[in-house]
Amino acid sequence: MKLFISEGNPHCLKVLAALEEAGVQCDVQFVNHEENLVPFLSRPSLPALLLPNGQHLFSPNAICRYMFEVSGQECSEACDQWLEWEATDLQPALLQALHMAVLQGKELEATKVLAGPLSYLDQSLTKANTPYLTGDVVSVADLVVCAALHPILSAPSLASGDHKSVRLWFDRVAVSQSCVSASHKVLQGKGLQAMKSFMHRQPAPQSGQCRGSTHPCNSSPAEDEERERVVSEEEMEAAAITWNKDFNVSAAATERLHPILPQEGKRNILLTSALPYVNNVPHLGNIIGCVLSADVFSRYSRLRGWNSLFVCGTDEYGTATENKAREEGLTPQQICDKYHAIHASIYEWFQIDFDFFGRTTTEKQTEIAQNIFWRLHENGFLMEDVVEQLRCEQCQRFLADRFVEGICPHCNYPDARGDQCDKCGRLINAVELKAPHCKVCRQTPVIRSSKHLFLDLPKLEGQLEQWLNKSTSSGDWTANAKQITRSWLRDGLKPRCITRDLRWGTPVPHPDFQEKVFYVWFDAPIGYVSITANYTDEWEQWWKNPGQVEMYNFMAKDNVPFHSVVFPCSLLGAQDNYTLVNHLIATEYLNYEDTKFSKSRGIGVFGDMAKDTGIPSDVWRFYLLYVRPEGQDSAFSWADMALKNNSELLNNLGNFINRAGMFVSKFFDGCVPAMELLQEDKKLLALVGWELQQYIQLMDKVKIRDALKHILNISRHGNQYIQVNEPWKKIKGGDAERQRAGTVTGVSINVACLLSVMLLPYMPAMSQIIRDQLNAPYSCVSAMLHGSGAFTRVLDAGHRIGTVSPLFQKLEAEQIEALKKRFGGQQPQTATQNAASPQSAATLPSPVIEVNAGADPEKARQLTQAVAEQGEKVRALKAQKADKATIMAEVSKLLELKKQLALAEGTSPEPTPVKGKKK
């Protein structure tokens, strides 16, 4: 084994400490920060561990865990939980703190940023009353967390008397030989100053992290406090050299030629977006959770020069379709035809640029699904079992999935479906439901036996875990995707039924099961394969080519287990060299204002309504991506949408591009003037170049929302540059001042051109409008985004631009208020309005239960329990001395629950007392 590390890199502290503590034999080599040692990564990633089999590990925590496992020390579940906390909770705050302390000298502010994570760590250590995080001996968790905090807690200026349990624990671990040695090698006794070079190369940290908040996170990185970045003389000169390089026309984007197939020597990317159910109209949450996020990355991939194929389609089989057909008096096929056309129209309006948008009700779907079935059967990964099912005697049919509802056996949610509870997210068998009823006739069903086929997941668990370890360590899996997958594996996999007693579905080809169809979650993901097969007869070049193809799956978090466990097991068991997912990108939920989307109650904006608002689709795309629920739930807000449109698009981005273009038209007769760079211009070039590199690094990691910040930062830099230099005044002066006005105008118009390219994945129509106004060559589209990014002079002196006009319109308060009322519905305010909306017809993480007026003993019992649980939560928060806003939010939920309880008991709820200021 060979471990590659770099000086001043805090992540290297962890792996060196783990290496010494584990006592593993391994060569250690110091390299520079920019050295890219992992062949399949587009940017440097250190530390990196080269394994004997030639594979690489480059997640610091994964390397630490591996070191301990090699030495025979297994990682406990508690240890894994601490590693997850360090990566997802501590690291974001730590990066921000180090940025403040190392680069800005704001040491006092740095300690405040870490207050939350350190308090949690302190409380955990105090409560456990053990010398180390997981017990009486040092674990890999102790080394990882201690090494992460070492630069901060070892700095005398940052030492604090607070968090006594943390201080005792840290002093105990940090004095170990492994930690002392690692610190000496990486920081070389220089403390925080040793990290300066490393920190300069990191993306700007995000302040205002919403983790731990009780409300959806709706702030954007673009709203963070702007900090002046220090630019060195070397950076300025390097930026000027890049600016003056010949424009690389050979790297320009080319027209797409279909069918797109993998190419030797290129990065081949297969993009899928979770197949939307055909039985409904997608709302904004569905759109951002799946197709829009995938579309942004697909467009970006093409800008990067990668060979990508983006496929999607409607999921058309299953009980949901049968239900919808019954409601509308149509056949299932007619419903599929109707809603497939609706979906296609909506996505076209939102400018979702699929390479192919198909459907699952095709002959290819039947052929491929049945082939995978037979291969699983022949390889011994299917089993038969008799299942007790609910049968409606009135309807003379077994009640599968959504044909039955009842009370959840786990959380007592009153409207759980026959396959999953929308409140707690647990998968359930229909016979486990309390008080079940048939959705068609409302009668109580009886239990009957039926023979079914199961995918033997326990038999595939070893193969699955081996593949998952490789995929999650080498690919970009979102934290929630990893957590959800791990929770499925934690208790051991169980056989999963793949057949259903339905009429509408892919028929099971086995002679003993001719009256059954495949269960939709065995069948639906195979739709990705069959849709590709309907696109090209050479589909196997994408789907049976794991050595040459990388697959990205985009979805909301409720779909994760089917893409990370069930579908991969089907493909692994088929033993047919299928391509498996490398990067699983899952969003959280998007709410609507303070409630959830509801078509029946007229609440929220659905895809077919957005175009009737008069707001361009590009503005919808921008705002949905601005509040994309990365890491935590967020909420669509009309007021916030207007604010972001008017401030970020109109006053920031649009203002800068329009001014730059108007100066060229008005002062220089529509031709780009000659440019003679001064240090001030070079500084802007360096700032813009740095923002471009951060944008590329974040987009490469599918941090779509965070990357948007850097587009807006560039236009802010540009506005400030124009404001300081005042070309409208200098143009009236002497030759030197006129030359200065020309340079500022020429640099600005080139920045505007760069912005048009960076904006393309987010706002494709607006990107084209800007390039048309600038008369920018088509070759500029991808040339500036190749490699690590290069801000070059695309529009040379003498280039004639087109006609310049305003890009954005203001959203007026009256217009927004009218839209808010139109889409607000007429329902009374209830506690369920705090619930998150399922992005693809699954989990509802609401802690409350909606009830109707009038006495209802069963719901009163459920609400009594909910009130008790919520009361306990409030008391715990008060005991922990949580912030006031957090406590008040939970108190509001408690009061709302009490009101509902009163209604369920048939009594009038007492009015909530309103506290006001004393006059």
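**Salt bridges, cores and a buried threonine in a predicted model**

A search of the whole structure, which is a predicted model, finds 36 salt bridges.

Me: How far apart, N to O, are the side chains of R167 and D171 in their salt bridge?
Reply: R167 and D171 lie four residues apart in helix α7 (residues 164-174), so about one helical turn separates them. R167 is partly exposed at 21% relative accessible area, and D171 is partly exposed at 38%. Their side chains meet in a salt bridge with an N to O distance of 3.5 Å.

Me: Which residues are joined with R302 and D353 into one network of salt bridges?
Reply: The side chains of R302 and D353 form a salt bridge at 2.9 Å, N to O. This pair links distant parts of the chain, with R302 in helix α11 (residues 284-303) and D353 in the loop between α13 (332-349) and β7, 51 residues apart. Through salt bridges that share partners, the network also takes in R256 and D355.

Me: Is T360 buried or exposed?
Reply: T360 sits in the loop between β7 (356-359) and α14 (363-378). Its side chain reaches the backbone nitrogen of E316 at 2.9 Å, and its contacts beyond four places in sequence include L275, Y317 and G527. Because its relative accessible area is 1%, below the 20% limit, T360 is classed as buried.

Me: How many residues does the largest nonpolar core hold?
Reply: In soluble globular proteins, nonpolar side chains tend to be buried together. W543, W620, W638, Y695 and Y762 touch the most other members of the largest core. Y762 touches Y695, L708 and I711, among others. The largest nonpolar core holds 177 residues.

Technical notes. Residues numbered from 1 in each chain as written. Predicted model: local features only at pLDDT ≥ 70, side-chain atom pairs only at ≥ 80, totals over all residues. Heavy atoms only, no water. Core = buried A, V, L, I, M, F, W, Y, C linked by side-chain atoms within 4.5 Å. Buried < 20%, exposed > 50% of the residue type's maximum accessible area, 1.4 Å probe, protein only. Contact = heavy atoms within 4.5 Å. Helix = DSSP H or I, 4+ residues; strand = E, 2+ residues; numbered from the N terminus. Polar contact = N/O pair within 3.5 Å; in protein donor to acceptor, adjacent residues only side chain to side chain. Salt bridge = Lys/Arg side-chain N within 4 Å of Asp/Glu carboxyl O.
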